[in-house]
Amino acid sequence: REVLRVDEPQANHNGGKLSFRPGELYLYVSLGDGGAANDVGDGHNLAIGNGQDLTTVLGKILRIDPLDPGLTTGSADPVSANGSYRVPATNPFINSGSAVHEICAYGLRNPFRFSFDTPSGRLIAGDVGQDNVEEVDFVEAGKNYGWNQKEGSFLFDPNDGSIMPDPSPDPTLINPVLEYSHD
């Protein structure tokens with residue numbers, strides 16, 4: 001049974017992971033920003049990039065109940081737009097009129113792997129950087145991890161892919177807990 005289909009505009013950043021948080025029945029799905037470079041190009045929101053665009057699933061971690069809604073008729077979780085699964089009523093954008101309701105966290109470039117810390121249950125994601133910085137994030141619901149405004153804790157320029165120190169960090173953009181350069 002097909003649950004969700006995502007069109008990827010480019011040939012890269014199409015990896016990701018599917019996993020259940022221990023003790024929870026919801027499926028977490030990580031998706032890259034759609035490929036190309038700098039989160040720009042065909043299939044990208046040219047004004048803000050897919051990572052920042054809450055109307056696309058690209059550059060996000062999603063959270064869904066993958067069971068057939070016919071098997072969960074007593075659930076308080078609403079049925080998805082495609083009718084194939086349910087969207088948790090506790091998702092951070094569930095009441096948004098414009099954001100994709102399945103989004104758990106956003107502002108990611110290529111969160112190709114993640115896992116859940118056993119003692120704490122925290123979601124920990126490895127997010128592949130563009131040209132300069134790789135990062136590891138503690139992912140929390142509703143948080144913005146900055147791509148394509150930031151690469152790691154550095155300001156990122158999507159026009160040329162350069163980075164520079166951030167002299168006045170935006171508190172709404174979450175810095176990684178660990179980052180390392182390509183050097």
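## Exercises on two sheets, two loop residues and a pocket

Four strands make up an open sheet in the order 5-6-7-11, and their pairing is antiparallel. Strands are DSSP E runs of at least two residues, helices are H or I runs of at least four, and both are numbered from the N terminus. Two strands pair if DSSP finds at least two bridges between them. The model is predicted: local features need pLDDT of at least 70, side-chain atom pairs count only at pLDDT 80 or more, and totals for chains, interfaces and linings use all residues. Residues are numbered from 1 along each chain as its sequence is written, and side-chain values use heavy atoms, with hydrogens and water left out.

**Exercise 1. Find which strands stand at the edges of the sheet 5-6-7-11, then trace the pairing of strand 6.**

Step 1. Strand 5 (113-116) and strand 11 (178-181) each have a single partner strand, so one side of each lacks a neighbour in the sheet. Neighbouring strands here are turned by 15 degrees against each other on average, direction ignored. The axes are lines fitted to C-alpha atoms, and angles run from 0 to 180 degrees between N-to-C directions.

Step 2. Strand 5 joins strand 6 (residues 123-127) through 4 bridges, running antiparallel. Phe114 has Ala125 of strand 6 as its bridge partner. The two strands form a hairpin with 6 residues between them, and Gly121 in the turn has a positive phi of about 80 degrees.

Step 3. On to strand 7 (residues 133-139): 5 bridges join strand 6 to it, again antiparallel. Ala125 stands opposite Asp137. This hairpin has 5 residues between its strands.

Step 4. Check the cover. In strand 6, 4 of its 5 residues are buried, meaning under 20% relative accessible area; exposed is over 50% and partly exposed lies in between (1.4 Å probe, protein chains only).

**Exercise 2. State where Arg21 lies and which residues Arg21 touches.**

Step 1. Arg21 sits in the loop between strand 1 (18-20) and strand 2.

Step 2. Leaving out residues up to four places away in sequence, Arg21 touches Tyr26, Tyr28, Phe116, Gly121, Arg122 and Leu123. Contact means heavy atoms within 4.5 Å.

Step 3. A polar atom of the Arg21 side chain lies 2.2 Å from the backbone oxygen of Gly121. Gly121 is the residue with positive phi in the turn of the hairpin of strand 5 and strand 6.

Step 4. Arg21 and Ser115 are 94 residues apart along the chain, yet their C-alpha atoms are separated by 8.2 Å.

**Exercise 3. Decide whether His44 is buried or exposed, and list its surroundings.**

Step 1. His44 is in the loop between strand 2 (27-31) and strand 3 (60-64).

Step 2. His44 counts as buried because its relative accessibility is 9%.

Step 3. Residues up to four places away in sequence aside, His44 touches Pro9, Gln10, Asp33, Gly34, Gly35, Ala36, Asp39 and Asn50. The backbone oxygen of Gly35 is 2.9 Å from a polar atom of the His44 side chain.

**Exercise 4. Describe the sheet 8-9-10.**

Step 1. This open sheet has 3 strands with antiparallel pairing. Strand 8 (150-151) and strand 10 (162-164) stand at its edges, each with a single partner strand.

Step 2. Strand 9 (residues 154-157) pairs with strand 10 over 3 bridges. Phe156 has Ile163 as its bridge partner there.

Conventions: Polar contact = N/O pair within 3.5 Å; in protein donor to acceptor, adjacent residues only side chain to side chain.
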